[in-house]
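Trainee: Could you take me through one part of this model up close? I'd like to start with the cysteines and then see how the helices and the sheet are put together.

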Amino acid sequence: MTDLEKQKLGKTLWAIADQLRGAMNADDFRDYMLAFLFLRYLSDNYETAAKKELGSEYPKLLPEDRLSPLSFWYADNAADVPEFEKQMRRKVHYVIEPPYLWDNIVEMARIQDDDLLTTLQSGFKHIETESFASTFKGLFSEINLASEKLGKTLKERNARLCKIIAEIAKGLRQFSTDSDTLGDAYEYLIGQFAAGSGKKAGEFYTPQPISTILSAIVTLDGQEPATGQRSHLDSVLDFACGSGSLLLNVRHRMGPHGIGKIHGQEKNITTYNLARMNMLLHGVKDSEFDIFHGDTLLNEWDALRETNPAKIPKFDAVVANPPFSYRWEPSESLSEDMRFKNYGLAPKSAADFAFLLHGFHFLKQDGVMAIILPHGVLFRGGAEARIRTKLIKDGHIDTVIGLPANLFFSTGIPVCILVLKKCKKPDDVLFINAAEEYDKAKRQNVLQPEHINKIIGTYQFRKEEQRYSRRVSMEEIEKNDFNLNISRYVSTAEDEEEIDLAKVHAELVTLDQKIKTATQQHNEFLKELGLPLLP
């Protein structure tokens with residue numbers, strides 16, 4: 001399927017969602033829509049693998065048959081089911097029993113079966129607790145099938161679900177879908193729901209152009225970016241992963257076998273579930289990722305709480321788009337936390353540097369970290385100035401990239417990308433002022449491929465360009481009191497045109513003489529006509 005067709009599928013599904021949700025809040029309906037798309041993916045992927053596994057034994061359906069072929073195979077081969085499921089767990093890492101497969105759910109919706117709602121509830125529970133070797137407990141916890149938003153009575157809710165599922169199935173049938181296509185459609189819908197959610201969207205969605213920049217930066221060689229992309233990353237971490245799109249962008253760039261394991265953390269339960277679904281929808285096996293639900297600032301993830309320096313997990317790449325200027329309440333004990341001990345605590349009013357230091361703590365010596373932050377981190381004083389100064393003096397800030405305003409759904413403020421390394425070769429900081437290079441769209445500004453490629457290329461080859469990028473020495477930054485405000489080092493203002501005062505004066509004298517001559521001639525005409533003369 002071409003990119004154009006994929007976009008068309010996304011738009012078709014979004015139109016269905018917009019039509020079906022009625023008075024329901026977009027955030028609430030999002031959970032239903034994405035869960036059903038996820039179920040369709042799991043079912044298709046499972047049935048494709050089953051067809052390959054069973055070969056000639058896979059049932060051939062008649063035109064009037066609407067149920068999944070596996071329904072018939074399970075019914076006719078009960079004794080072989082345990083061995084078959086054992087093989088499926090080995091190959092696709094999960095099992096879905098026939099009643100819960102998408103085709104069977106769709107058939108229940110078509111005939112408006114009164115048991116659809118209870119079957120869905122059982123199916124979701126089955127996927128959470130029994131399908132996968134590793135538990136996916138709570139994966140559908142935010143999908144409330146008993147919600148009165150679907151209907152006041154069980155019958156009304158069941159009828160509404162029948163309509164929703166039937167329309168989604170109808171929309172999908174217009175396209176020849178595969179796993180990649182459904183993954184792209186899922187991403188498209190996440191973006192559309194994010195746009196409709198306004199400021200809430202900042203909790204879970206990083207616009208694709210910005211995600212592309214971050215993923216490109218962290219996958220280039222850490223010490224010599226100009227040599228190109230690394231061949232393999234053992235691990236990558238996003239400690240505020242939202243729906244997981246940023247991690248998936250890194251994986252897409254590295255290829256399906258280019259990363260050992262993906263690690264993510266997310267505090268919001270709904271978004272945490274979206275991230276886990278998103279991973280599976282994009283073909284990432286449950287053994288290839290680990291998404292944790294918990295508070296990053298409190299470091300609630302046991303896997304990261306190791307105090308023995310030799311055993312602390314470290315990552316080749318760290319990416320993040322944490323909440324901007326998030327208010328937090330750091331306890332006194334946190335000042336002794338290994339993440340913050342050498343730098344101090346970020347102020348209560350803005351946890352930006354707390355997020356940064358968290359990610360930086362878990363970065364490998366030759367790793368690369370790219371984080372999106374508000375511009376205030378570049379120049380604010382107090383505790384933030386002390387943290388920023390130490391990071392600069394220790395040679396950890398490699399590049400500062402200024403982006404245009406109004407790129408996010410959640411805020412219109414301009415943001416920056418900070419690139420950090422524990423070991424960097426250049427004894428300077430690269431500043432890229434990309435704030436003026438974008439296209440205007442209806443709702444927000446947009447970075448086009450040429451804007452994105454210019455930023456990535458400038459970082460990769462450490463290029464300097466007037467009014468766009470510059471390598472700044474540590475001495476100059478120190479003279480500016482370690483203020484990293486980009487306009488101090490790279491101004492986008494056009495130089496004013498120089499004025500030749502002598503030339504201008506000569507032109508004015510000539511004009512004045514011409515006016516006097518013209519006035520004299522005019523007065524001669526007035527005198528002949530007997531009219532008052534001009535002064």
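Mentor: Let's start with Cys 162, which is buried because its relative accessible area is 3%, under the 20% cut-off. Cys 423 is another matter: its relative accessibility is 32%, so it counts as partly exposed. Keep in mind that this is a predicted model. As for disulfides, the count comes to zero; the test is a pair of cysteine sulfur atoms within 2.5 Å.

Now to the helices. Take α3, residues 69-76. Its buried residues are Pro 69, Leu 70, Ser 71, Trp 73 and Tyr 74. An α-helix has 3.6 residues a turn, so residues three or four places apart point the same way. The buried residues of α3 pack against three helices, namely α2 (26-54), α4 (81-92) and α5 (102-110).

The pairing with α2 is worth zooming in on. On the α2 side you'll find Tyr 46, Glu 47, Ala 50 and Leu 54, and they meet Pro 69, Leu 70, Trp 73 and Tyr 74 of α3. The axes of α2 and α3 sit 11 Å apart, at an angle of about 50°. That makes the two helices oblique to each other, and the crossing of α2 past α3 is left-handed.

On to the sheet. It's an open one with nine strands and mixed pairing, and if you walk across it the order reads β3-β2-β1-β4-β5-β7-β6-β8-β11. The edges belong to β3 (289-293) and β11 (469-473); each has a single partner strand, so one side of each is left without a neighbour in the sheet. From one strand to the next, the twist averages 15°.

Look at β1 (residues 233-238) and β2 (residues 259-266): they run parallel and are joined by five bridges. If you want one to click on, Val 236 has Ile 262 in β2 as its bridge partner. Packed on the sheet here is helix α11, residues 269-281, which touches β2 and β3 and whose direction makes about 170° with that of β3.

Another helix to look at on the sheet is α14, residues 449-461. This one lies across β5 (363-374), β6 (397-402), β7 (415-420), β8 (428-433) and β11, and it runs at about 165° to β8. So β11 shows up twice: as an edge strand of the sheet and as one of the strands that α14 lies across.

Note on methods: Residues are numbered from 1 along each chain as its sequence is written. This is a predicted model: local features need pLDDT of at least 70, side-chain atom pairs count only at pLDDT 80 or more; totals for chains, interfaces and linings use all residues. Side-chain values use heavy atoms; hydrogens and water are left out. Two strands pair if DSSP finds at least two bridges between them. Helices (H or I, at least four residues) and strands (E, at least two) are DSSP runs, numbered from the N terminus. Axes are lines fitted to C-alpha atoms, for helices over the stretch in contact, and angles run from 0 to 180 degrees between N-to-C directions. Contact means heavy atoms within 4.5 Å. Buried means under 20% relative accessible area, exposed over 50%, partly exposed in between (1.4 Å probe, protein chains only). Angles under 35 degrees count as roughly parallel, over 145 as roughly antiparallel, 65 to 115 as roughly perpendicular and the rest as oblique. A crossing is left-handed if the near helix is turned anticlockwise from the far one by less than a right angle, and right-handed if clockwise.
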